[in-house]
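I sat down with this one to look up how its parts fit together and where the ligand sits. Here are my notes, in the order I took them.

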Amino acid sequence: MTRLPPAAIDTFRGLFSGPMFQPADAGYHEARQIWNAMIDRKPALIVQCHSAEDVVAAVNFGRDQSMLISVKGGGHNIAGNAVCDDGLMIDLSPMRDVEVDVVKQRAFVGPGCTLAHFDAAAQAHGLATPLGINSTTGVAGLTLGGGFGWLSRKFGMTVDNLVSVDMVTADGRQTRASATENPDLFWGTRGGGGNFGIVTRFEFQLHPVGPELLSGLIVFPFNQAKSVLTQFARFTETMPDELSVWLVIRHAPPLPFLPDSVHGEPIIALAICYAGDPEIGEELIAPLRSFGKAHGEHIGVQPYVNWQQAFDPLLTNGARN
Ligand SMILES: Cc1cc2nc3c(=O)[nH]c(=O)nc-3n(C[C@H](O)[C@H](O)[C@H](O)COP(=O)(O)OP(=O)(O)OC[C@H]3O[C@@H](n4cnc5c(N)ncnc54)[C@H](O)[C@@H]3O)c2cc1C
């Protein structure tokens with residue numbers, strides 16, 4: 001393990017407002033955990049940022065010490081890119097501010113926000129932007145990788161709704177990128193991953209959504225997969241943009257609306273979300289029920305944020321999710 005010069009760490013501490021963890025410190029092992037519990041990497045130093053100035057100090061320190069740097073937003077990336085061995089882990093998870101401008105329908109979102117933080121703040125005003133299906137995912141990594149979810153057919157990818165980013169580049173400079181400011185950098189952040197700098201604030205376009213939407217699941221036995229798949233393919237040809245239907249093949253989780261005998265059995269399920277008037281949605285989804293003889297269904301009008309969290313227990317992997 002790299003031994004960092006104590007004098008350099010002391011100087012860094014003077015410029016940094018958040019906690020820092022070295023391997024012998026209490027809290028170090030908790031701080032290095034990410035969603036994928038199979039990843040077991042041990043950074044030489046973990047710093048938890050509270051501001052863009054903290055990010056600048058961390059980038060400058062890592063660069064001056066020639067350290068490998070990893071950046072953690074929500075920590076959900078399966079490959080575990082948020083944490084590195086023997087380097088500097090810059091953890092943005094304390095930066096969870098969400099500011100909503102209701103008049104302009106814009107949101108300003110901190111890089112430590114999960115989808116749950118962002119959706120809760122925007123849905124308080126009946127607004128949302130397309131994000132993923134699992135509320136514990138980080139807004140930062142999802143956006144920088146492109147991002148898609150239940151609202152994408154209607155409102156586009158997450159990056160289609162990204163208006164600007166404030167970021168810290170590798171030379172420790174704070175800059176902004178948008179369609180008009182540093183447009184090349186903005187192009188790179190819209191799906192290019194996190195390699196162009198560390199984003200300290202995202203600005204998103206919002207849209208009126210819900211707050212109650214028709215959503216839910218229809219679960220068929222796997223031995224009906226051919227029929228379900230064939231009809232699903234035909235159904236999607238004329239499906240309106242407000243309607244998203246995802247097809248899921250897996251072993252049945254112990255969902256309360258499924259008979260006990262089905263739990264653990266292979267299934268093919270339709271996951272449905274209608275981002276419009278629920279009554280129209282009900283009419284549109286009616287034909288889905290005739291794709292086969294279902295084990296069961298659970299569909300209703302519910303808050304969009306509840307639907308966004310419905311998959312969390314089914315997609316939980318790590319010690320922290
Ligand atoms: C169960 C599950 C469900 C998912 N569902 C969806 C989905 O519905 N739709 C979808 O689009 N994706 C989905 N994903 C993929 C998810 O969007 C990516 O894994 C994403 O990278 C997670 O972002 P994060 O901030 O949580 O991850 P992290 O692991 O913290 O970061 C991911 C990457 O982004 C970099 N990064 C993070 N923050 C910043 C920042 N502020 N500046 C620069 N770089 C940064 C990190 O260094 C790392 O390389 C899902 C993943 C899982 C595990």
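**Entry 1, the domains.** I started with domain 1 and domain 2, whose centres, taken over C-alpha atoms, are separated by 23 Å. I kept in mind throughout that this is a predicted model. The full division is into domain 1 (6-91), domain 2 (98-208) and domain 3 (212-315).

**Entry 2, where domain 1 meets domain 2.** I looked up the contacts next and found 13 residues of domain 1 in contact with 16 residues of domain 2. Which helix gives the most to the side of domain 1 that touches domain 2? I found that helix H3 (residues 52-64) does, with six residues. I also sorted the residues on that side of domain 1: six are nonpolar, six are polar and one is charged.

**Entry 3, the open sheet.** I then traced an open sheet of five strands and wrote down its order as E5-E6-E10-E8-E9, with antiparallel pairing. Strand E5 (98-101) and strand E9 (174-178) are at the edges with a single partner strand each, so one side of each has no neighbour in the sheet. On average, and with direction ignored, I get a turn of 15 degrees between neighbouring strands of this sheet.

I took a closer look at E5 and strand E6 (residues 106-109), which pair in the antiparallel sense over four bridges. For Val98, I noted Val109 in E6 as the bridge partner.

**Entry 4, helices on the sheet.** H3 turned up again here, as H3 packs on the sheet and touches strand E8 (162-168), E9 and E10. I noted about 50 degrees between the direction of H3 and that of E8. Helix H4 (residues 115-123) lies across E5 and E6, and runs at about 30 degrees to E5.

**Entry 5, the ligand.** I left the ligand for the end. I listed 31 residues around the ligand, and those that come nearest are Gly73, Gly74, Gly138, Gly141 and Gly194. The elements giving two or more residues to this shell are strand E3 (69-72), helix H5 (139-144) and strand E10 (198-205). H5 gives the most, with four residues. By residue class, I put down 14 nonpolar, 16 polar and one charged for the shell around the ligand.

Why do I place the ligand between domain 1 and domain 2? Domain 1 (6-91) and domain 2 (98-208) both give residues to the shell, so the ligand lies between them.

Methods: Residues are numbered from 1 along each chain as its sequence is written. This is a predicted model: local features need pLDDT of at least 70, side-chain atom pairs count only at pLDDT 80 or more; totals for chains, interfaces and linings use all residues. A residue is near a molecule or strand if its C-beta atom, placed from the backbone, lies within 6 Å of it. Ala, Val, Leu, Ile, Met, Phe, Trp, Tyr, Cys and Pro count as nonpolar, Asp, Glu, Lys and Arg as charged, and the others, Gly among them, as polar. Domain bounds come from an automatic or database domain assignment. Two residues are in contact if their C-beta atoms, placed from the backbone, lie within 7 Å. Two strands pair if DSSP finds at least two bridges between them. Axes are lines fitted to C-alpha atoms, for helices over the stretch in contact, and angles run from 0 to 180 degrees between N-to-C directions.
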